[in-house]
Amino acid sequence: MDVRSTAKTVRVTPRKARLALDMIRGKSVEEALAILQFTPNNAAHEVYKVVKSAAANATHNHQLNADALYVKQCYADEGIVMKRFMPRAKGNAAQILKRTSHITVVVSDER
């Protein structure tokens, strides 16, 4: 059975979140949490919370065995983009894009 967890509008760019997600895809939940815990990346902290939430959903809501869970799918989609402006020379303005992402993790107990 597949169980998913999603974090929406996380204030980290999707490109940086995908770096953390690529490290854990296909691994067991325990191993994925250990990898993310010691990865010096702000996106890894957000992905850690989503993986932990997906595992908790699987054990609490669907009575799956926590030891048999693995990360089946994980992806980061682009969320809203906040647009800000910074003053530049000669009265111009430069646009700054503050990107967000929607992080989704799917765990399963079937290989």
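Which residue in β3 is the bridge partner of serine 5? Valine 105 is. I start with that pair since it takes us into the sheet, and the helices follow. One note before going on: this is a predicted model.

The sheet, then. It is open, has 3 strands, and its order is β1-β3-β2, with antiparallel pairing. Strand β1 covers residues 2–10, and both β1 and β2 stand at the edges with a single partner strand each, so one side of each has no neighbour in the sheet. From one strand to the next the twist averages 15°.

Now the two pairings. β1 and β3 run antiparallel and are joined by 7 bridges; the pair I opened with, serine 5 and valine 105, belongs to β1's side of β3. On the other side, strand β2, residues 70–87, runs antiparallel to strand β3, residues 93–108, and 15 bridges join them. As an example of who faces whom, valine 81 has arginine 99 of β3 opposite. In general terms, strands of a sheet pair through backbone hydrogen bonds, in either a parallel or an antiparallel way.

β2 and β3 also form a hairpin, with 5 residues between them. In that turn, lysine 90 has a positive phi of about 60°.

Two other residues have a positive phi. Threonine 9 is one of them, with phi near 55°, and it is not a glycine. Threonine 9 is found in strand β1. Its relative accessible area is 40%, which makes threonine 9 partly exposed. Glutamine 63 is the other I want to mention: its phi is positive as well, about 55°, and it is not a glycine either. Glutamine 63 sits in the loop between β2 and α3, the helix of residues 42–61. With a relative accessibility of 62%, glutamine 63 counts as exposed.

Back to β3 for one more residue, threonine 104. Is threonine 104 buried or exposed? Threonine 104 has a relative accessible area of 5%, and the cut-off for buried is under 20%, so threonine 104 is buried. Leaving out neighbours within four places in sequence, its contacts are Arg4, Ser5, Thr6, Gln73, Cys74 and Tyr75. Alanine 76 is 28 residues away from threonine 104 along the chain, yet their C-alpha atoms are separated by 6.3 Å.

That leaves the helices. Two packed helices are described by the angle between their axes and by the distance between the axes. I will take the three pairs in turn.

First pair: helix α1, residues 14–24, and helix α2, residues 29–37. They pack at an angle of about 140°, and their axes are 9 Å apart. Over 145 would count as roughly antiparallel, so α1 and α2 are described as oblique to each other. The crossing of α1 past α2 is right-handed. On α1 the contact is made by Ala20, Met23 and Ile24, and on α2 by Ala32, Ile35 and Leu36. By class, this contact has 6 nonpolar residues, no polar and no charged.

Second pair: α2 and α3. Their axes come within 9 Å and cross at roughly 160°. α2 and α3 are therefore roughly antiparallel to each other. Their crossing is left-handed. From α2 the contact takes in Val29, Leu33, Leu36 and Gln37; from α3 it takes in Ala44, Val47, Tyr48, Val51, Lys52 and Ala55. Which classes do these residues fall into? The count is 8 nonpolar, 1 polar and 1 charged.

Third pair: α1 and α3. Here the axes come within 8 Å and cross at roughly 55°, and α1 and α3 are therefore oblique to each other. α1 passes α3 in a right-handed crossing. Lys16, Ala17, Ala20, Leu21 and Ile24 make the contact from α1, and Ala43, Ala44, Val47 and Val51 make it from α3. These residues divide into 8 nonpolar, no polar and 1 charged.

A word on residues that recur. Ala20 and Ile24 of α1 are in the contact with α2, and both are also in the contact with α3. Leu36 of α2 is in the contact with α1 and in the contact with α3. On α3, Ala44, Val47 and Val51 are in the contact with α2 and in the contact with α1.

That is what I have on the sheet and the helices.

Conventions. Residues numbered from 1 in each chain as written. Predicted model: local features only at pLDDT ≥ 70, side-chain atom pairs only at ≥ 80, totals over all residues. Heavy atoms only, no water. Axes fitted to C-alpha atoms, helices over the stretch in contact; angles between N-to-C directions. Helix = DSSP H or I, 4+ residues; strand = E, 2+ residues; numbered from the N terminus. Parallel < 35°, antiparallel > 145°, perpendicular 65-115°, else oblique. Left-handed = near helix turned anticlockwise from the far one by under 90°. Contact = heavy atoms within 4.5 Å. Nonpolar A, V, L, I, M, F, W, Y, C, P; charged D, E, K, R; others polar. Pairing = 2+ DSSP bridges. Buried < 20%, exposed > 50% of the residue type's maximum accessible area, 1.4 Å probe, protein only.
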